[in-house]
Amino acid sequence: MQEEPGSKNIVLRIKQVIRETADTKSFLLEPVNHAPLHYTSGQFLTLLFHKRNGEEARRNYSIASAAVLSEPLAITVKRIANGEYSRWLVDKAKEGDELVTIGASGFFTLPGDLQEDTVLFFFAAGSGIVPVFSLIKTALHQHQQVPVVLIYSNTSPSNTIFYQQLQVLQQQFAGRLQVIFLFSTAADLSKARLNVDLLQRLLKQHATGPAGDQLFYLCGPFDYMRMITIALQGNGVPAANIRKEIFNIEKPAQKIVPPDQDAHGVHVVLSQQEYDFHAQYPATILQSAKALGIPLPYSCESGQCGTCAATCVKGKVWMWHNDVLLDEEIAKGRVLTCTGYAVEGDVVLMYGD
């Protein structure tokens, strides 16, 4: 795949392919004529693919490497039966092949002000371990006193991604890292699948201090994360202390109408360039920009991944859906342009830190 002339996309070459399980591979990537790609543990890469009819498709793949350890940039991909691009990556992609990305995105990251007395709990099911693996490695090496607990659900050890690596980490950080493997094929049914009763027992066993001193990271199927979220909140865990990464994007069926449907000006500062355009319902800010060929970043287009996030420094943006931004991030002006509309006047949006 070649980079389009004049684009801001980044070309990555597959340096090494590692088989993790029968249906999962890791890809070590290196930039082609580009500086090392900046990312934060827990984020994902948005890869660009072109269909035969010329249309562009975008897919997000979680980063498994940890920048703090100077590891080569790596994504880990599980083959999905009806996943056109995950099938190509796992079945056909090889060393030397090139991939195109718009860069790293996502809010499934460790807080910048992580306190040393905070307990980090990670709940992962199947390939949900990929961003969690990156976060765990970072937490263990960057925060010397923080206890880490991982509850990891799979069908059996043979299809458990990073099974051996996690065992090595548990030995290396004995006393700080606790890994609880749950296998649905286990003879002891009380420890085979995560349920509310087992979750309650694990919390009593590993949680220390008040619920507000613990952070929970969840990655897995929707029902799995919903069950955990309800149980945690029932135990007094604040919603702000529960972080979720959504893999299976399902666009909400019903779109809420914004309170202001008038046209408003949008001024965007992106990659040291500035753009001015107008946006008006029913088109979102992102849709309006795309229609004009303005290269705003995006992926899911449904408020569920965070790739399109910008900071509103002037005016007001109303979002019809948001699954990724916490209240504290919204308070700082972070908005999603894929579900956002300018309301009550013109807005100024900035991308980057």
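The exercises below concern strand pairing and burial in a predicted model.

Residues are numbered from 1 along each chain as its sequence is written, and side-chain values use heavy atoms, with hydrogens and water left out. In this predicted model, local features need pLDDT of at least 70 and side-chain atom pairs count only at pLDDT 80 or more, whereas totals for chains, interfaces and linings use all residues.

**Exercise 1.** Determine how strand β16 is covered and how β12 and β14 pair with β16.

*Solution.*
1. Strands are DSSP runs of E with at least two residues, numbered from the N terminus. Two strands pair if DSSP finds at least two bridges between them.
2. Strand β16 spans residues 340–350, and eight of its eleven residues are buried (under 20% relative accessible area, 1.4 Å probe, protein chains only).
3. Four bridges link β12 (residues 264–270) to β16 in the parallel sense; Val266 has Val347 of β16 as its bridge partner.
4. Strand β14 (residues 309–319) runs antiparallel to β16, joined by seven bridges. Here Val317 lies opposite Ala342 in β16.

**Exercise 2.** Describe the open sheet of six strands, its edges and the pairing of β1 with β6.

*Solution.*
1. The strand order is β4-β3-β6-β1-β2-β5, and the pairing is antiparallel.
2. The edges are β4 (56–62) and β5 (73–78), each of which pairs on one side only.
3. Neighbouring strands of this sheet are turned by 40° against each other on average, direction ignored; the axes are lines fitted to C-alpha atoms.
4. Within the order, β1 (residues 10–21) and β6 (residues 98–105) share four bridges in the antiparallel sense, and Ile10 stands opposite Thr101 in β6.

Definitions and conventions
Buried < 20%, exposed > 50% of the residue type's maximum accessible area, 1.4 Å probe, protein only. Axes fitted to C-alpha atoms, helices over the stretch in contact; angles between N-to-C directions.
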